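Let's take a walk through this structure together, one stop at a time. Have the sequence and the 3D view ready, and follow along as we go.

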Amino acid sequence: MNIMLFGAPGAGKGTQAKYIIDQYGIPQISTGDMLRAAISEGTTMGMEAKGFMDDGKLVPDSTIIGIIKDRLSQEDCKDGFILDGFPRTLAQAEALEELLKDLNMSLDKVISLNVPDELIVDRITGRRVCPACGASFHVEFNPSKVAGKCDYCGGDLVTRKDDTKETVENRLVSYHEQTAPLFHFYKDKGVMAEIDGTKDINVIKEEIFSILG
Ligand code: AP5
Ligand code: MG
Ligand code: ZN
């Protein structure tokens, strides 16, 4: 099953991806997590991406498309994958079409998590993430069982550098200008399922499972 999670920063893509991994055993492909890993490893690509991410701007398409080409070609994507945070521009969506065609694959479902901007800032500023496995928690809305520790791997939780009020405002601008228009691209393809992303995390999880079957 080849799935894409679509939505604004803080819409809940990473949170729901973890549940889908557990239920369906397919890997999450989060370009944001991959870029953060490259930054912490100090690679050239990571260093180039860092400035864009810290400013809440999109990393150039050529970098992102290169990362995705390598990742989707790997063996563990043969039985399905969850795209999280990719594509984010029309050029990325078109590159994905080409790549999937070359790999003899297609997208089965795009799940759009719809959350209004006014709820996003509180979600982002209260988020705590696990750098080891990419899990997301929230100090108020989804606390980890042990404060400061990841439920999945026990790693130490941190606040992402771009999770400030100022940066999230830039991220929302990038989202509305460059990414939101892709909604129609996928709706026109007939693969779009919309979910009210303001509901309880577990309610959304069950709705996604019933869409995916
Ligand atoms: P990325 O890491 O993808 O960040 P993002 O898209 O801004 O999305 P987030 O990870 O912030 O949100 P999410 O939807 O995963 O929410 P989460 O589940 O954590 O990208 C970071 C940067 O990398 C970009 O700004 C860009 O620079 C670069 N980049 C990445 N991909 C790129 C690409 N393809 N092209 C170009 N540049 C790229 O949830 C958020 C919080 O809300 C959590 O605290 C969670 O606990 C809480 N929450 C979740 N669901 C609910 C709920 N239903 N109710 C209440 N709280 C909830
Ligand atoms: Mg995320
Ligand atoms: Zn973890």
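What kind of contact joins the side chains of T159 and R128? It's a polar contact, with a distance of 3.5 Å. Before going on, keep in mind that this is a predicted model.

Let's stay with T159 for a moment. You'll find T159 in the loop between β6 (136–138) and α7 (165–179). With a relative accessible area of 42%, T159 is partly exposed. If you skip the neighbours within four places in sequence, T159 is in contact with R127 and R128. There's also G126 to look at: T159 and G126 are 33 residues apart along the chain, yet 8.4 Å separates their C-alpha atoms.

One of those contacts, R127, deserves its own stop. R127 sits in strand β5 (residues 127–129). Is R127 buried or exposed? Its relative accessible area is 11%, so R127 is buried. Leaving out residues up to four places away in sequence, R127 touches S136, F137, H138, V158, T159, R160, D163 and R171. With D163 there is something extra, as a polar contact of 2.9 Å joins the side chains of R127 and D163.

Now on to helix α7, where T179 has its place. T179 counts as buried, because its relative accessibility is 5%. Setting aside residues up to four places away in sequence, T179 touches F6, L58, P87, R88 and S174. Look at R88 in particular: its backbone oxygen lies 2.8 Å from a polar atom of the T179 side chain.

E177 is in helix α7 as well. Here the picture is one of exposure, since E177 has 59% relative accessibility and counts as exposed. Try finding T89 from there: E177 and T89 are 88 residues apart along the chain, and their C-alpha atoms are separated by 9.2 Å.

P87 came up among the residues that T179 touches, and there's a backbone detail to see at that spot. What kind of peptide bond joins F86 and P87? It's a cis peptide bond, with omega at about -5°. P87 itself belongs to the loop between β3 (81–84) and α5.

Follow the chain to the loop between α5 and β4 (109–114), and you'll meet N104. N104 isn't a glycine, but it has a positive phi of about 60°. With 75% relative accessibility, N104 counts as exposed.

Next, let's see how some helices pack, beginning with α4 and α5. Helix α4 (residues 61–72) and helix α5 (residues 90–102) have axes 10 Å apart and pack at an angle of about 25°. That angle makes α4 roughly parallel to α5. Their crossing is right-handed. On the α4 side, D61, I64, I65, I68, K69 and L72 make the contact, while α5 brings in A91, Q92, A95, L96, L99 and L100. Sorted by class, the residues of this contact are nine nonpolar, one polar and two charged.

Helix α4 has another partner to look at. The axes of helix α2 (residues 31–41) and α4 come within 11 Å and cross at roughly 100°. So α2 is roughly perpendicular to α4. T31, M34 and L35 from α2 meet I64, I67, I68 and R71 from α4. By class, that contact has five nonpolar, one polar and one charged residues. I64 and I68 of α4 are worth a second look, being among the residues that contact α5 and also among those that meet α2.

Our last pair is α1 and α9. How do the axes of helix α1 (residues 13–24) and helix α9 (residues 201–212) cross? They come within 10 Å and cross at roughly 50°. The two helices, α1 and α9, are therefore oblique to each other. The crossing of α1 and α9 is right-handed. From α1, the contact draws on T15, Q16, Y19, I20, Q23 and Y24, and from α9 on I201, I204, K205, I208, F209 and L212. By class, there are eight nonpolar, three polar and one charged residues in the contact of α1 with α9.

Conventions. Residues numbered from 1 in each chain as written. Chains lettered and ligands numbered in written order. Predicted model: local features only at pLDDT ≥ 70, side-chain atom pairs only at ≥ 80, totals over all residues. Heavy atoms only, no water. Axes fitted to C-alpha atoms, helices over the stretch in contact; angles between N-to-C directions. Helix = DSSP H or I, 4+ residues; strand = E, 2+ residues; numbered from the N terminus. Parallel < 35°, antiparallel > 145°, perpendicular 65-115°, else oblique. Left-handed = near helix turned anticlockwise from the far one by under 90°. Contact = heavy atoms within 4.5 Å. Nonpolar A, V, L, I, M, F, W, Y, C, P; charged D, E, K, R; others polar. Buried < 20%, exposed > 50% of the residue type's maximum accessible area, 1.4 Å probe, protein only. Polar contact = N/O pair within 3.5 Å; in protein donor to acceptor, adjacent residues only side chain to side chain.
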